[in-house]
Structures are given as structure tokens and as C-alpha cells.
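Got a new structure on your screen and not sure where to start? Let's walk through it together, one question at a time.

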Amino acid sequence: MEAAFADATFPTVIEPDPPAPRQWSRGVPVDVTIEHVVKAFAETPALHDVSLKIEAGELVALLGPSGSGKTTLLRVLAGLEFPTSGRVLFGGEDALGLSVQERHIGFVFQSYALFKSMKVFDNIAFGLTARPARTRPSRAKIRDRVLELLDLVQLTGLENRYPTQLSGGQRQRVALARALAIEPRILLLDEPFGALDAKVRRDLRRWLREIHEQTGHTTVFVTHDQEEAVELADRIVVLNRGKIEQIGSPDEIYDRPASPFVASFIGESSALPVRIEDGRLFLDDRPIEIGATGKDGPRTLVFRPHDVELPGARPGGIAGRIIAERRHGASRRLDVEIGMRRHRIEIDVPANHPRSNKGDRVSVLPTRWWLFDA
Amino acid sequence: MASGTTWTFRKPSIIPGFGLAFGFTLTYLSLIVLIPLAALVLMTASLGWPEFWRIASDPRTLAALRLSFGASLAAAGINAVFGLIVAWVLVRYDFPGRRLLDAFVDLPFALPTAVAGIALTALYAPNGWIGSLLAPLGIKVAYTPAGIVIALIFIGLPFVVRTLQPVMEEIDREVEEAAATLGASRFLTFRRIILPTLLPPLLTGFALALARAVGEYGSVIFIAGNIPFVSEIAPLLIVVRLTEFNYPAATAVATLMLLISFALLLAINLIQAWSRRRFGNV
Ligand SMILES: Nc1ncnc2c1ncn2[C@@H]1O[C@H](COP(=O)(O)OP(=O)(O)OP(=O)(O)O)[C@@H](O)[C@H]1O
Ligand SMILES: [Mg+2]
């Protein structure tokens with residue numbers, strides 16, 4: 001198996017192409033620059049001044065809630081949507097002047113979009129057989145290439161099935177093989193595992209990572225699953241309402257979120273409206289002694305459920321009442337209601353922590369936290 | 001066909017009531033379709049083989065049948081091509097008056113065929129609007145087979161358009177976009193992705209238009225001129241025989257039409273089944 005893969009390392013150029021104007025050599029990963037891209041449907045922009053640089057060979061995740069513009073950004077890159085303003089560069093060259101066909105991009109759709117009237121083999125071969133006769137590889141070469149790809153996506157033996165005769169995960173892999181067949185310069189995946197169950201998702205995730213390591217394509221994939229993004233991507237781009245909230249490695253995003261939104265979207269977090277007065281942090285009228293300083297004014301205090309301690313009677317904690325308690329993975333989660341305005345926060349305590357009753361008073365002291373301008 | 005083989009109904013479904021539904025279907029079809037047709041064949045059978053053969057091989061009968069089926073095939077073929085284009089435009093493009101145009105497509109269904117025939121004749125007669133333009137070029141449409149084909153195109157168009165439209169609307173845009181990202185031009189995408197899915201409904205539309213054209217009488221007799229051996233269609237020949245009180249000849253021609261139609265429709269159905277298996281794996 002390994003040897004077969006080694007032989008099949010991408011990118012293999014199938015045939016030396018005659019020099020074609022305005023075409024990059026196939027398969028060579030290219031970097032992508034997105035500058036101030038705006039895309040407006042009707043009135044509300046789906047993309048709002050999006051700027052982003054993706055290195056050649058990088059695996060980037062676009063993460064964001066539904067409707068945040070992930071698919072739209074991917075479609076702009078593929079040339080299926082034209083931005084209202086802004087620039088898109090592939091390898092330093094303007095891409096907006098290129099048609100979809102000329103961009104040479106592998107796109108895997110949210111719905112797979114397989115050709116139902118064609119067998120798996122012809123689906124994967126389509127990008128090659130669709131080439132003009134001048135640059136089309138020979139039948140034998142196409143066949144070799146398709147079989148090689150079937151091997152890569154672990155579907156050997158299914159080449160004569162029709163897409164309707166495949167499971168969801170298999171269709172997904174056919175869609176990927178079809179996109180890889182043209183040796184794209186950029187691979188775009190729109191929620192590649194969206195419709196699959198958790199176990200299959202995890203398997204395919206690991207497998208996609210391996211394929212990326214073998215093929216080395218510049219890859220952008222869309223997901224709204226933070227776990228998937230954290231596990232797979234070199235860098236994560238967090239989108240919210242058409243704007244980039246943060247770009248960074250999974251560690252950076254997790255440990256240094258740029259906004260309360262990022263903190264709540266990647267990992268769990270609670271937020272409290274606080275203010276700084278005379279260099280001290282207050283929630284309503286009670287001081288919180290966590291050593292926060294800064295200019296006077298309203299802030300949002302954000303912390304993760306597990307980054308807290310319960311100081312007991314020691315003053316300076318955030319005082320509240322427990323309103324619910326439940327098991328949460330390895331620990332026990334408490335829902336706590338704070339102060340007059342009944343803010344809710346979540347905290348984790350060890351599973352062996354003494355059980356508490358509804359209405360019990362607790363004092364919570366964040367050990368790791370972020371303050372954002374409110 | 002019936003004896004010796006075991007009867008297997010296709011795919012017994014989990015939905016109950018198959019027996020009832022099947023029985024009803026059979027009874028209904030028998031009453032409405034099969035019994036009248038059987039009566040026709042029976043009438044012809046009473047004619048005796050030599051007499052039947054004499055009528056069938058009569059040059060006038062042959063000419064009428066040739067014209068009827070030739071013109072019908074031509075009209076259905078032309079409708080298949082242009083109906084495809086009309087349906088495509090109606091489904092894919094948004095332009096002012098699209099809904100209105102869409103409604104026009106059904107008019108040939110609704111119009112009494114005699115009205116259509118008279119209107120077409122008035123237009124294409126040598127002194128009509130279109131006829132007078134064609135006359136100087138030496139093209140005669142009214143009172144020729146060409147006129148018959150035009151009338152048959154008129155009445156057959158809705159069948160093609162209306163069978164194609166729903167299937168076209170179902171075509172997934174992302175599939176076309178996928179083809180584009182893989183480097184396929186619009187034309188190649190149409191030919192290799194879209195056309196195969198449209199082939200089964202296109203054949204259905206063709207078959208319906210053909211069947212309708214073969215049986216058409218009202219609109220054709222006005223524009224045809226009805227010259228024996230030139231522009232006399234088979235349905236008209238039947239009426240002519242009836243007015244001559246020559247019932248055996250009338251039924252014989254009718255039976256011939258029935259046989260040929262059945263053969264044609266069966267052939268189209270077989271092609272369709274094949275193309276569904278080949279292309280329409282949905
Ligand atoms: N063709 C269109 N016409 C009008 N509005 C559109 C169109 N496509 C997308 N939008 C809007 O643009 C916004 C972003 O849509 P997009 O499909 O990019 O979201 P997404 O992040 O991919 O969401 P999801 O996770 O649900 O797929 C949405 O508000 C959507 O309603
Ligand atoms: Mg989407």
C-alpha cells in the first residue's frame with residue numbers, strides 16, 4: 001500500500017502541456033491573497049472587507065456560524081461568484097480576470113454535486129476527458145490516473161458504481177478524487193464532512209490530513225465544527241457576519257481569542273459585562289480581584305469554564321448561586337447565576353467535587369481570563 | 001407470453017393495496033382503451049385476410065399512411081429540437097414576459113384544432129400574411145405536406161416543452177458549477193452532463209408529440225388541401241371511406257394505423273428504458 005502511494009505522489013504531471021497562455025503549471029501549489037473583498041447580495045453584504053493571505057501548501061479552515069459567508073468566500077475564490085469589490089491574487093497574479101475554468105481549482109461542494117448519470121470512474125475522469133483534444137491525456141493514462149486516485153481515496157473496486165449506489169462517505173471521497181484529478185493549484189472544500197456521522201467524520205478528517213500531507217495542495221476548507229478546524233488546520237480563519245474576526249493557529253485562536261465571539265465559538269466561555277473604575281475591576285458594585293488593570297470604562301470579562309477556582313470565603317470572587325449541575329465529560333459543570341441582573345456563567349469543577357444543591361452560594365475566581373472593550 | 005412463464009410483478013412495495021390498485025388499473029384500461037381497440041381489430045378480422053391485404057396495399061392507403069407517419073415523425077423531431085430550446089429558455093432565463101410566454105405554450109392544447117387549422121391556413125395560404133411572403137420564393141406551404149408538418153408542429157409543441165420543464169428545473173446548479181471548475185465549457189457541460197439527464201423526458205415528449213400528431217385530424221384537414229396521393233392523411237382517408245359507407249376499408253386503415261403507432265411507441269419506450277438505464281441513473 002505504502003509503496004503504491006509513494007509511486008503515486010502528487011503532483012504528477014500527466015503529460016507535458018504545450019505552453020498555454022495564462023495558465024500556471026498544473027498541480028504546483030500556489031499562494032492566495034485576498035484583499036479587501038466585499039460581496040454584496042441585494043443589500044446586506046455577505047462578505048465585508050475580507051483580507052487574507054494563504055501560503056502555498058497551507059491547510060486553512062474557514063470557521064464560522066451558519067450564514068457567516070464561508071461558502072461565499074470559497075465561491076469567490078473559485079470564480080463562481082464575482083466580488084463586488086476587492087482583489088484576489090493567485091501566486092501574485094490577478095485571478096479575477098480568469099474564468100472558472102481557467103482558475104484551475106478543485107472544488108468539493110457541500111452537496112458533493114456528483115454527475116449522477118456517470119459511473120464513479122467517469123466522474124473522476126471528467127476533468128481529464130473534458131480537456132481539449134490537444135491537451136487531453138491518452139485513454140490509458142486517464143485510466144491509470146483514475147485508478148491511482150481511487151486507491152488514494154480508498155475506493156478501489158467501486159469504479160463501475162453509479163453515485164446513487166454509494167454511501168455518503170464514499171460519495172464524499174469520489175467528489176474529492178474528482179477534484180484532485182485535475183491537479184488543482186488550490187483545493188477548496190465546502191463542509192466536506194457536513195452530512196456524515198461523527199465517527200465517519202473523524203476517520204475522514206484524519207484521512208484528509210494524510211492526503212494533504214501527500215499531495216501538498218494549498219487547501220481551504222469550510223466547517224462550522226470547531227473541533228474539526230482545530231484538529232485539521234494549520235491556521236483557522238474565524239468568520240462572523242461576513243467579517244474576519246481572527247486569523248491564527250489553533251493555539252492562538254484558543255489561547256488568545258480576539259473577541260468574545262471567538263472565545264465563545266472556539267471552545268466554551270462565559271462573558272460578563274464589567275467595568276474598570278480607578279484601576280479596579282467591578283461587576284455591578286462588587287470588586288473582582290483578579291488583578292485586572294487598565295483605563296476606566298466598560299469591559300467584557302471572558303473566561304473558560306475550566307479556568308476558574310472556587311476561593312471559598314476569600315473575598316474578591318464573583319458571588320453567585322448555583323442553579324443547575326450536570327456531568328460534563330470528565331468534570332462536573334455548574335450553571336451559576338450572578339448578581340442582580342442574573343448573568344449566567346458556566347464553570348467546571350472536578351467530578352469528585354462535593355455535590356451541591358440548587359441555590360447554594362458559590363464564589364468564582366477566574367484564573368485565566370480576557371478583558372475586551374465592551 | 002402468458003403461459004409457461006412465472007409472473008413476477010416488479011418490486012412488490014411495502015405500500016399495501018397493490019392487488020386492488022392493479023385490478024382497478026387493468027379494468028379501467030380495458031374499459032377505456034383495450035375494449036374499443038379490440039372491437040376495431042375484431043371488425044377488421046371479419047374482413048378476411050385477402051380483402052384486408054387488398055385494402056392495405058392499395059396505393060392510396062399506402063400514400064396516406066406514409067404521409068401521416070412521415071409528417072408526424074418530422075413534426076415530432078422538429079418539436080424535440082425546438083421544444084428543448086423553448087423549455088431551456090423558459091426555465092433558465094428570466095426576462096420580462098416570461099410568465100406570459102410560458103402560458104402561451106399551452107394554447108395549442110386548449111384551442112379547438114379546427115380553429116388552429118383555419119388560422120394556420122389563413123396565414124400560410126398564398127394570399128395570407130406568411131404565405132404571400134413565401135410565394136415569390138416559390139415556396140408553397142398551404143395545401144402541401146409542408147403545411148401538414150407545420151400544423152402538426154403547432155399541436156405537438158406543448159408535449160415536449162411540458163415534459164422537459166420539470167426535469168430541467170430539477171437540475172442541480174452545483175453540478176454544472178462542478179463541471180465548470182473541472183474545466184468543462186458551457187457546451188461540454190450541456191452535452192455531457194445536462195443532455196443525458198434530459199434524454200428520457202425528451203423521448204417521452206417526442207413520443208407524446210408523435211402520438212398526438214398521428215391522430216390529429218381537425219387542424220390538418222384545413223391546411224392540407226386533402227389531395228389524394230399528395231396531401232391526404234390517413235385519418236382523413238378513414239373519414240372518406242366512412243362517408244362512402246365502406247366500413248371494412250375504414251376499419252382496415254384504422255387497424256393499420258393502430259399497428260404502426262403501437263410499434264413506434266413500443267420502440268420509443270424501449271429506447272427510453274435503455275437510456276434511463278444508461279444515463280438517467282437517478
Ligand atoms: N445567491 C445569493 N443571493 C442572496 N443572498 C445570498 C446568496 N448566497 C448567499 N447569500 C447570503 O449570504 C450570506 C452568507 O451565505 P453563505 O452561504 O456564504 O453562508 P455560510 O457561511 O456558507 O453558511 P452555512 O454554514 O449555512 O453554509 C447569507 O446571509 C446568505 O443568505
Ligand atoms: Mg455554506
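What follows is a short chat between a learner and a teacher.

Q: Before anything else, what kind of model is this, and what ipTM and pTM does the predictor give the complex?

A: This is a predicted model, so start with the confidence scores. For the complex, the predictor reports an ipTM of 0.79 and a pTM of 0.78.

Q: And where in chain B is confidence lowest, and where is it highest?

A: Begin with the chain average, then go element by element. Chain B has a mean pLDDT of 88, and 93% of its residues score at least 70. Helix 1 (residues 18–45) of chain B sits lowest with a mean of 86, while helix 3 (residues 59–92) of chain B comes out highest at 94.

Q: Now for the sheet in chain A: in what order do the strands come?

A: To read a sheet, go across it strand by strand. Here four strands make an open sheet in the order 2-1-4-5, with antiparallel pairing. Strand 2 (45–54) and strand 5 (93–94) of chain A are the edges, each pairing on one side only.

Q: How many bridges join strand 1 of chain A to strand 2 of chain A?

A: Six bridges link that antiparallel pair, and A:A40 stands opposite A:P45 in strand 2. The two strands form a hairpin with four residues between them. In the turn, A:A42 has a positive phi of about 50 degrees.

Q: What about strand 1 and strand 4 of chain A?

A: Strand 1 (residues 32–40) and strand 4 (residues 85–90) pair antiparallel over five bridges. One bridge puts A:V38 with A:S85 of strand 4.

Q: Last one: which residues touch the most other members of the largest nonpolar core?

A: Here's the general idea: in soluble globular proteins, nonpolar side chains tend to be buried together. In this model the largest nonpolar core has 45 residues, and A:I124, A:L176 and A:I236 touch the most other members. Helix 6 (residues 168–181) of chain A gives the most to this core, with seven residues. Apart from it lies another core of 44 residues, including A:V50 and A:L73. Back at A:I236, its contacts include A:A61, A:L63, A:P250 and A:I253.

Notes: Residues numbered from 1 in each chain as written. Chains lettered and ligands numbered in written order. Predicted model: local features only at pLDDT ≥ 70, side-chain atom pairs only at ≥ 80, totals over all residues. Heavy atoms only, no water. Pairing = 2+ DSSP bridges. pLDDT = per-residue confidence, 0-100. Core = buried A, V, L, I, M, F, W, Y, C linked by side-chain atoms within 4.5 Å. Buried < 20%, exposed > 50% of the residue type's maximum accessible area, 1.4 Å probe, protein only. Contact = heavy atoms within 4.5 Å. Lists of a residue's contacts leave out its neighbours within four places in sequence.
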